[in-house]
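Me: Before we go through this model, I would like each label justified against its definition.

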Protein chains: 2
Amino acid sequence: MKISIIGTGLIGGSMALKLKDKKMTDFVFGIDQNEENLNKALEINIIDEKAKLEYGVKNSDLIIIAIPVDAAISILPSVLDLITENQTVMDVGSTKSGIVASIQNHPKRKRFVAFHPMWGTENSGPQSATRDSFTGNAAVICDQENSDPDALEIVEKVIAHLEMHPIYMNAEAHDLHTAYISHISHITSYALANTVLEKEREEDTIFQLASSGFSSTVRLAKSHPEMWVPIFRQNKENVLDVLNEHIAQLRKFKSALEKENFDYLEELIVNANKIRGILDK
Amino acid sequence: MKISIIGTGLIGGSMALKLKDKKMTDFVFGIDQNEENLNKALEINIIDEKAKLEYGVKNSDLIIIAIPVDAAISILPSVLDLITENQTVMDVGSTKSGIVASIQNHPKRKRFVAFHPMWGTENSGPQSATRDSFTGNAAVICDQENSDPDALEIVEKVIAHLEMHPIYMNAEAHDLHTAYISHISHITSYALANTVLEKEREEDTIFQLASSGFSSTVRLAKSHPEMWVPIFRQNKENVLDVLNEHIAQLRKFKSALEKENFDYLEELIVNANKIRGILDK
C-alpha cells in the first residue's frame, strides 16, 4: 500500500522506516511545511517522494498525521474532505479529546482512527528517526467504535508491524492517564532545569558534576516547545489537576525538612519506592 | 596494598571490584553490619575476607567508608583513632560539610580525604556493584589542604584507577552544588512517584502506558531511604533552598496554564531547553 506521512519528523519518520522494513508499504509520500525536514527525509529514504498535501493524500491508502496536536486538529477535517471510503487516516498525537471532537460530525469520521504510540524522545526531526523506536511499547487506540472495522484493522496492522501492543480506551480516559504518566513528567523536568539554571550560575559546575541521575531526571527538559505547548494547551485541565497534586507532594517534602520530621520524610520515600514494584512488573 | 571497605554495598563494592582489576589492591577486607551483604560480597569476590571493624582497619593501608552519611560521620572519629600516620581513610558520601566538621580537631584529621564520586544508581547492595560504574564521571575531593599530601596522592590514584576525573572544592561549595545537581532531582522524582501513585489508582494503566520518558524521570524514586534520609538531613538548608525555588518554578507553569498564557509557557520551555547546551557540551 501507499502511505502519506504528514510531518516527517521523529515519530512520522520512525513509523515510515519500520513500515517499509516490514513491507507494509512500498511507497511513502512525505508532506511537510519544513522543506529542510522533507529533503532530509528523502535523503535518508524515510520517504520516496515529496508531495503537496492534496496530491499525497489523494494517492495514498493510509495517511498518517504526525504533526503537533493543534496543527493536527486544524488539518484533519480537510484531509477527511479529500479522501474516499477506501482510504484510512490516523494521527499519532499525545492528546486525543480535542482531535476526536473536531471531527465528530464529519461525514468521513469513520475513516479516522485516533492513535497514540507511547514512545518519544527529547530529540526531533527525521535525522532522529529509528527503525525500532516503538518495539515493546504500548499503542493506544481511542474511541474505536467510531472507526470503520476495516480502518481499525489497518491501524492494528500498523501496530503489529511496529511491534507494539494495542490498548483501547476512550479519548477522555487517554488524556487523563497521559497527564499522569507523560505530561507531568515533562513539566517537572522543565521546572527542574529552570531551577538549576536559575540557582546554579556556574555552568561549568553543572556540566562537571552532573551525574547520570540528574541527566536522567532532566532529559525531558530538552523537549521542544513546538510539540509540547500544544499538548499542554489541549490537555490543560488534566495537566493542571496533576500539577496541583505534584506541588502538594513537594510541599510535604518541604514540610518534613523544615520541621526536621525525618520519620515523615522516610515515610514519603518509602511510599515513592512503590513505583519500583509497578514499573518493574 | 590492603584495603578495608566499610559498607560492602553498591559504591563500596564497585570500587573494590575496579581497584582489584587495576591491581591497586590484592586484598580487600569487608566490614559490614549486614551479614547478608558481607556474605554476598565474599561470594562474588568483591572482598577477600570478612572482618571486624578494628581488625580490618588496623590491617589496611587504605580504609574506604562507604555507608550512609550519618553513619559515616559517627564512625569516622573512631576509625581515625585506630590508625597510624601511615594509613589513609576516605569516605564516599554525598554530603561533605558534616563529615569534615566532625573531625576538624581530630589529631589524625590529615589522614582523612573527603571524597565523593559523582555516580550512583537507584539500586543498592553488593549484587548491584559493577566494575566500570565510575568511568568518565567526576570525582570530588573536598578541603584537600586539610589532608596530608601522601594521603591525597593515594586518593588521586584511586580516582585515576576508577577512570574518573578529579574536581577540587571546599565542603560547603560541594554541598551547595550537589543540592542543585543531585539532591533536588531525587526529591522531584520521589514527589512525582507519589503524585502518580496518589492520582492514578489504576496501577495496570501506569504499567501499560508508562513510556520511557516517565520511567526516566521517575527512576530515582526507587532510591532507598536508608541512604537518602541522611543526605537530606545533612544538607537540609541547601536542599530546602533549592526545593523552594523548584516549587516557585512549577508555580510559573501552573500560572501560565491557568491564565492560558501560552507565550509565557513557551518562554519557560525555551529557557529549560538551555540545559541541552550545558549537558551536551
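The exchange below takes up the relation of the chains, their contact and the sheet.

Reply: This is a predicted model, in which local features need pLDDT of at least 70, side-chain atom pairs count only at pLDDT 80 or more, and totals for chains, interfaces and linings use all residues. Residues are numbered from 1 along each chain as its sequence is written, while chains are lettered from A and ligands numbered from 1 in the order in which they are written.

Me: What makes the relation of chain A to chain B that of a two-fold axis?
Reply: Superposition is by least squares on the C-alpha atoms of residues with pLDDT of at least 70 in both copies. Chain A falls on chain B after a rotation of 180° with 0.0 Å of shift along the axis, at RMSD 0.0 Å. That is the relation of a two-fold axis.

Me: How do you know that the copies meet through the same surface?
Reply: Residues are in contact if their C-beta atoms, placed from the backbone, lie within 7 Å. Chain A gives 80 residues and chain B gives 80 residues. Of the interface residues of chain A, 100% are also interface residues in chain B, so the surface is the same.

Me: Why do strand 3 and strand 8 of chain A count as edges?
Reply: Strands are DSSP runs of E, at least two residues, numbered from the N terminus, and two strands pair if DSSP finds at least two bridges between them. The open sheet of 8 strands in chain A has the order 3-2-1-4-5-6-7-8. Strand 3 (49-50) and strand 8 (165-169) of chain A each have a single partner strand, so one side of each lacks a neighbour in the sheet.

Notes. Two residues are in contact if their C-beta atoms, placed from the backbone, lie within 7 Å. Helices (H or I, at least four residues) and strands (E, at least two) are DSSP runs, numbered from the N terminus.
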